[in-house]
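User: I would like to go through this model with you, starting with individual residues and then moving to the interior. Please keep the answers plain.

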Amino acid sequence: MKKLTYFIAFLSLTAFFLSSFTNKESKGYEDRAYFQDLTNGKLQYERHCLMCHKQNGEGVAKSFPPLAKSDYLNADSDRAIRIVLYGLYEPIVVNGKPYENYMIPHKDLSDKDIADILTYVYESWGNNKTKITVDMVKKQRTKK
Ligand code: HEC
């Protein structure tokens with residue numbers, strides 16, 4: 001009888017170790033996927049946004065608003081998705097400074113690339129780390 005108790009204890013310990021191991025594995029997988037999204041986001045940012053919003057999202061005074069620590073960006077992620085999709089042509093105020101310029105639309109980019117770009121932007125330069133998913137982009141794309 002004693003043997004059986006030991007055996008059961010041994011089994012449950014093994015199960016415990018195994019389950020904590022698989023949990024770690026799937027977390028590792030999530031981290032890896034997130035890292036890949038960010039890597040693609042950075043690459044696509046450099047291709048499509050950097051020319052105006054600059055290397056560290058600092059923008060250009062009076063012409064291109066900053067994406068770094070941008071109160072406008074952090075206030076509304078769905079609006080940010082729509083701006084990337086459809087561009088923007090109206091006076092706005094970002095971090096206390098007015099801009100009245102024109103941003104081109106990027107609706108030819110895939111939902112995945114837009115999600116990755118914005119996830120990268122939100123993750124960088126003091127922004128609020130909102131994770132933008134493909135579904136969030138899809139939702140805004142079908143709105144217009
Ligand atoms: C040709 C220059 C140009 C490119 C390329 C460009 N933008 Fe913009 N962006 C602007 C301008 C100009 C505004 C402000 C428009 C206005 O005044 O109505 C703006 C505004 C924004 C805003 C809202 C204001 C803020 O600073 O938070 C976001 C977010 C944004 N852009 C993100 C992006 C992202 C992401 C990309 C790349 C997919 C991108 N932009 C590509 C010029 C550009």
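User: Is K129 buried or exposed, and why?
Analyst: K129 counts as exposed because it has 10 C-beta neighbours inside 10 Å. A residue is exposed if 12 or fewer other C-beta atoms lie within 10 Å of its own, buried if 20 or more do, and partly exposed in between, with C-beta atoms placed from the backbone. Please note that this is a predicted model, in which local features need pLDDT of at least 70, side-chain atom pairs count only at pLDDT 80 or more, and totals for chains, interfaces and linings use all residues. Residues are numbered from 1 along each chain as its sequence is written.

User: Where is K129, and what is its phi?
Analyst: K129 is in the loop between helix 5 and helix 6 (134-141). Its phi is positive, about 65°, although K129 is not a glycine. Helices (H or I, at least four residues) and strands (E, at least two) are DSSP runs, numbered from the N terminus.

User: What about phi in K69?
Analyst: Phi of K69 is near 45°, a positive value in a residue other than glycine. Most residues other than glycine have a negative phi. K69 sits in the loop between helix 2 and helix 3, and it is partly exposed, with 15 other C-beta atoms within 10 Å.

User: Which loop holds A61 and Q55?
Analyst: A61 is found in the loop between helix 2 and helix 3, and Q55 is placed in the loop between helix 2 and helix 3 as well. A61 counts as exposed because it has 10 C-beta neighbours inside 10 Å. Q55 counts as exposed because it has 8 C-beta neighbours inside 10 Å.

User: Turning to the interior, how many residues does the largest nonpolar core have?
Analyst: The largest nonpolar core has 16 residues, and I81, I114, I117, L118, V121 and I132 have the most contacts inside it. Helix 4 (77-86) and helix 5 (111-123) each supply at least two residues of this core. Helix 5 gives the largest share, 7 residues. Such a core is a set of buried Ala, Val, Leu, Ile, Met, Phe, Trp, Tyr and Cys residues joined through C-beta atoms within 7 Å.

User: Is helix 5 mostly covered or open?
Analyst: Helix 5 is mostly covered, with 10 of its 13 residues buried. Among the buried ones are D113, D116 and T119. Just after helix 5, W125 takes a positive phi of about 55°.

User: What does V121 touch?
Analyst: Leaving aside neighbours within four places in sequence, V121 is in contact with Y45, G57, L67 and N127. Contact requires C-beta atoms, placed from the backbone, to lie within 7 Å.

User: Now the ligand: how many residues surround it, and which are the closest?
Analyst: The ligand is surrounded by 29 residues, of which C49, C52, P65, N101 and M103 are the closest. A residue is near a molecule if its C-beta atom, placed from the backbone, lies within 6 Å of it. Helix 2 (50-53), helix 3 (71-75), helix 4, strand 1 (92-94) and helix 5 each supply at least two residues of this shell.

User: What is the shell like by class?
Analyst: The shell has 22 nonpolar, 5 polar and 2 charged residues. Ala, Val, Leu, Ile, Met, Phe, Trp, Tyr, Cys and Pro count as nonpolar, Asp, Glu, Lys and Arg as charged, and the others, Gly among them, as polar.

Definitions and conventions: Contact = placed C-beta atoms within 7 Å.
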